[in-house]
Amino acid sequence: MARLVKTQVEMEGRYEERWTLVEDDTTPEYGEDEELAVVGRPHVRVSAAARVTGRARFISDIELTGMVHAAVLRSPHANARVGSLDRAAAEALPGVRAVIGPGDLPDRDGRPVLTDAPAYAGAAVAAVAADTPDQAERALEALAPEWEPLAFVVDLDEGLARQDFTQDPAETSRGDVDAALAGAAAILEREYRTPAQMQNPLEPHCAVAMWESGTLTVWSSTQGIFAARDELARAYGLEPDDVRVVCEYMGGGFGGKQGSGPEGYLAAELARRSGRPVRLVYTRRDEHTTVGYRAPTVQTYRIGADARGTLLGIEGSAVIGVGQHGWVFPVLNPSETLYECANVRSMVLPVKLNLGFSNAFRAPGVMEGTFGFEQALDELAEELGIDPLQIRLRNEATLEQSSGHPYTSKHLEACHRRAAELAGWAGRDELRSDGRVRRGMGLASQIWWGGGGPPAHATVRLGKTARPTLVCGFQDIGTGTMTASAVIVAEALGVPVAAVRVQAGDTARSGYGPTSGGSMTLASVAPAVRTAAHEVRTQLLDLAADMFEIAASDLVLAGGHVGSRDGTLRHEITEITSKLGNSSLVGHGSRGPNPDGMRIHTFGCQVAQIAVDTLTGAITVERIWAVHDVGRIINPMGAISQVTGGVLQAIGFALTEERVVDPTTGTVVNAGLEDYKVPTMADTPEIVCEFVDSPDPHLGLGIKGLGEPPIIPTAAAIGNAFAHATGVRLREAPYTPRRVLEALAG
């Protein structure tokens, strides 16, 4: 029976009360000692063959009859006014189907998509649709805009000095920080700086839009098909069901593709005006200037402890360069919640700059904050003469520090001890030498949310061929959600994983699924998938019981067969399903609410071993040992892949990636993959990955998310390893050869 319940839903640390539809669920959990045949074993991606053979259709592969191509006029100035646009000249060119400028299309989140007052280089001013990409580019030139450049601020320190914020600075506190610091045996005060980092998914932001009989279909490279649907429906005054958003395959997003994005609005409006399907694919330069970034920060910490290293008080401030607008990310969350401390004060200052807008990027805020706070903790341990591992174990938090609520589960101590054991932490000083190449080892901890929640719905169908079809409203952004869902269905129905069809990424054919953000996708949809599959399993066993005149409770499903528990009966499942004719067995499932009065978090610990060439300043990350506590592991192969990707992305943050802005023009000077160095296979260290793999007893299937956790502690561990190797602390990332040599030179 369906019920409306009011529950608390969390997304990247933001909690809100929400009414949500759930269905009564009597599906039994996996038994503690139950031997699972498919769940928890390694499986290749169900989409692997389609991806490597080119059969998978990404958005830029979409070809529609009569489709035309869009191009966008962007501001070359960091701050300007647009005096005029020669739209008539552009519209008169051959092949041009539509030209739009400021005021011609609905606002997005209350802000114009096209503006005559661009406040950063790359801001969209106008857009055209033409029969060919070349014709569209020529139409942009014909617009001949008159620019009036204005003064701008792109430097974070200058923006702070001007006290120009996107919203008022916010202070939060608990306890009495001043009294706690006054009574501390040691107080450490340090500043750390982190750079702007670009998401750089392989597939750029892109959309194809088509109108038919007043309804809108958009193929969008998005992490949230339903969020995009709802955005566009609101913008055009349509019913949600009059908008269909499709994203069957996408080449990554890393947080930067939530909802429709301006590209969806532009393609939709150009399609509406031209009467043609319109495709808009951003350039790599667009990706570096207009779609958002991990914001640069300046973090300052004052940490007081007693002589044993017990934390007494923490004061943190974070200056965040958020650009023109955007969500202020929880940079100080690690200092507020990672360890037990009764006295904490935080100040966040979101600085307005003439630079695009900060956007979600894998563990937004928390990764940057971990880089600073976990190094500050190491520096405090060093001052007190305490092993960095021991100070962490000594301050283990038993309750969620901001709310005082208990955790649904927590195994951070196990992560610490296992990572240290794997890395040989006790003998780490043996790595050190006085030669040209210095080696060192450092560690850091991880905390993140990722419990998921409702609403999320799933349907499983089983027809005469005994190949189950799962229909669910998620989009697989590359994290392997399709495969993990297929594994759950296969476990329930006793069929091979490859036999499961997964239909996802289409709002028109599925119930609601969540946006892929906050490590919440699988944790949200997996319980719904299992319930739907279990319903079909029950029906299938009932049919088998009728056919073979045996109690359903005496039957088992495995290996494509139905058999009796005593082994005397064994038949292929198709012997039953072949009798269905054109009928199907159908099961539905929905995600239930999370437990009240508890907090769901993921935890982990990583140890880094690095080598520093003191002559060239080059750093080589030699090994990473990663141990994470993310609940039940459905597909170890996919989970290890997630950790590998997160670690590698963090190595880029620590060593090479940094957006460089020309202070004289306010433009990004390394807006491409030639000048912006992301790690490659050649930069990949040995990565040893383990999971605690302990199902959370308070969550359906015991699953928590793994999208964000792997990237969070890596850069901090590298920073601590650098200090261990060289005896010098480098507090600004990335650790480029220039910065390394300057630090070593004192």
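Me: Which residues in H16 meet H17, and which in H17 meet H16?

Reply: In this predicted model, H16 contributes Val 647, Ala 650, Ile 651, Phe 653, Ala 654 and Leu 655, and H17 contributes Thr 714, Ala 715 and Ile 718. They count as meeting because contact means heavy atoms within 4.5 Å. By class, the contact of H16 with H17 has eight nonpolar residues, one polar and no charged.

Me: What makes one residue of the contact of H16 with H17 polar?

Reply: The listed residues include Thr 714. Thr is not on the nonpolar list and is not Asp, Glu, Lys or Arg, so it falls among the others, which count as polar.

Me: Why is H16 called oblique to H17?

Reply: Helix H16 (residues 636-655) and helix H17 (residues 714-726) pack at an angle of about 50°, and their axes are 8 Å apart. Angles under 35 degrees count as roughly parallel and 65 to 115 as roughly perpendicular; about 50° fits neither, so H16 is oblique to H17. The crossing of these two helices, H16 and H17, is right-handed.

Me: What makes H13 roughly parallel to H14?

Reply: The angle between helix H13 (residues 481-493) and helix H14 (residues 521-548) is about 25°, with the axes 9 Å apart. About 25° is under 35 degrees, therefore H13 is roughly parallel to H14. H13 and H14 also cross in the right-handed sense.

Me: Which residues make the contact of H13 and H14?

Reply: From H13 come Thr 481, Ala 484, Ser 485, Ile 488, Val 489, Glu 491, Ala 492 and Leu 493. From H14 come Thr 521, Leu 522, Val 525, Ala 526, Val 529, Arg 530, Ala 533, His 534, Val 536 and Arg 537. The contact of H13 with H14 divides into 11 nonpolar, four polar and three charged residues.

Me: Why is H6 called oblique to H7?

Reply: The axes of helix H6 (residues 225-236) and helix H7 (residues 262-274) come within 11 Å and cross at roughly 45°. Roughly 45° is not under 35 degrees and does not lie in 65 to 115, so H6 is oblique to H7. H6 passes H7 in a right-handed crossing.

Me: Which residues of H6 and H7 meet, and how many of them are charged?

Reply: Glu 231, Leu 232, Ala 235 and Tyr 236 in H6 meet Gly 264, Tyr 265, Ala 268, Glu 269 and Arg 272 in H7. Five residues of the contact of H6 with H7 are nonpolar, one is polar and three are charged. The charged ones are counted because Glu and Arg belong to the charged class.

Me: What makes E21 and E23 the edge strands of their sheet?

Reply: The open sheet has three strands in the order E21-E22-E23, with antiparallel pairing. Strand E21 (555-558) and strand E23 (570-572) each pair on one side only. On average, neighbouring strands here are turned by 25° against each other, direction ignored.

Me: How do you know that E21 and E22 pair?

Reply: E21 and strand E22 (residues 561-564) have four bridges, in the antiparallel sense. Pairing needs at least two bridges, so E21 and E22 pair. One of the partners is Val 562 in E22, matched with Leu 557. H14 lies across E21, E22 and E23, at about 120° to E21.

Me: What makes E18 a partner of E24 and of E19?

Reply: Strand E18 (residues 457-462) has six antiparallel bridges with strand E24 (residues 585-590), and four antiparallel bridges with strand E19 (residues 469-472). At least two bridges are required, so both count as pairs. In E24, His 588 is the bridge partner of Thr 459, while Leu 470 in E19 stands opposite Val 460. The hairpin of E18 and E19 has six residues between the strands, where Ala 466 takes a positive phi near 65°.

Me: How do you know that the radius of gyration agrees with a compact globule?

Reply: A compact globule of 746 residues would have a radius of gyration near 27 Å, and the chain has 27 Å, so the two agree. Along its principal axes the C-alpha trace spans about 85 × 75 × 45 Å. The chain's secondary structure comes to 18 helices and 27 strands.

Notes: Residues numbered from 1 in each chain as written. Predicted model: local features only at pLDDT ≥ 70, side-chain atom pairs only at ≥ 80, totals over all residues. Heavy atoms only, no water. Axes fitted to C-alpha atoms, helices over the stretch in contact; angles between N-to-C directions. Parallel < 35°, antiparallel > 145°, perpendicular 65-115°, else oblique. Left-handed = near helix turned anticlockwise from the far one by under 90°. Rg over C-alpha atoms; globule rule 2.2 N^0.38 Å.
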